[in-house]
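Trainee: Please take me through the salt bridges in close detail. I would like the cut-offs as well.

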Amino acid sequence: MKNLLAIITIGFLLTACEKGKPANSENPDKKDSNAAASEWKPVDSATAMKAWMEFATPGDMHKMLAKFDGNWTGATSMWMDDSGKAATSTSECTNKMIFEGRYQVSNYKGNFMGMPFEGMSIMGYDNAKKKFVSTWIDNMGTGLMHAEGDWNPSKKSIDFKGKMTDPSQPGKECEVREVYTFTDDNNHTLEMYGPNPKTGKEMKTMEIKFTRKK
């Protein structure tokens, strides 16, 4: 395992060094659009290996996610505008940690306005960024939502901020927020916020209250 990681690390370092060369090395007059690339700092192999191992090792945040593996029933409320009237439905969700506890895959099934709905998320905790990371795809679009979030220990919640495609605004992405609140081992809630289609101001678009299946 250590030999494999060493090979991976060496390959990573070689690749990173190539990426780290200033883009204007061949043309001094060309400005580098990525300032970070021109500020690459050399790293010795021992330091790189230690950092890589810490990056790859699941920790307490990953164990917390793993507690919510299993099958869940969701009571869903959705809002199309800020009139206060919600469309309600039920959904099913299955969570499973993968890659030796590094990420959690969630598969959702339900309905949206009478149509079958399926979605999938991958959530993890990035040890280097010290943030939760998440992606989302579903059968109601062809884009991918990505978000990063901080752990709020007082509320036992993850506050995600991200972006997703807004097909009603061609060529633009809209900002979204998600809040996962972990009430206890058998209950948690997902709240989603996005732009009001009429005003562009943030509004609550969805809430799912999950209860563990017994």
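Mentor: Here is a walk through the salt bridges and the residues that form them.

This is a predicted model: local features need pLDDT of at least 70, side-chain atom pairs count only at pLDDT 80 or more, and totals for chains, interfaces and linings use all residues. Residues are numbered from 1 along each chain as its sequence is written, and side-chain values use heavy atoms, with hydrogens and water left out.

The structure holds 10 salt bridges. A salt bridge is a side-chain nitrogen of Lys or Arg within 4 Å of a carboxyl oxygen of Asp or Glu.

Take Glu92 and Lys213: their side chains meet at 2.6 Å, N to O. Glu92 sits in strand S2 (residues 87–98) and Lys213 in the segment after strand S10 (202–212), so the pair ties together parts 121 residues apart in sequence. Strands (E, at least two residues) are DSSP runs, numbered from the N terminus. Glu92 is partly exposed at 33% relative accessibility. Lys213 is also partly exposed, at 43%. Partly exposed lies between buried (under 20% relative accessible area) and exposed (over 50%), with a 1.4 Å probe and protein chains only.

Now the network: salt bridges link Glu191, Lys204, Glu207 and Lys209. Glu191 pairs with Lys204, with the closest N and O atoms 3.1 Å apart. Glu191 belongs to strand S9 (residues 187–195) and Lys204 to strand S10, so this pair ties together parts 13 residues apart in sequence. Glu191 is buried at 18%, whereas Lys204 is partly exposed at 25%. Lys209 and Glu207 meet at 4.0 Å, N to O. Lys209 is partly exposed at 47%; Glu207 is buried at 15%.

Key: Helices (H or I, at least four residues) and strands (E, at least two) are DSSP runs, numbered from the N terminus.
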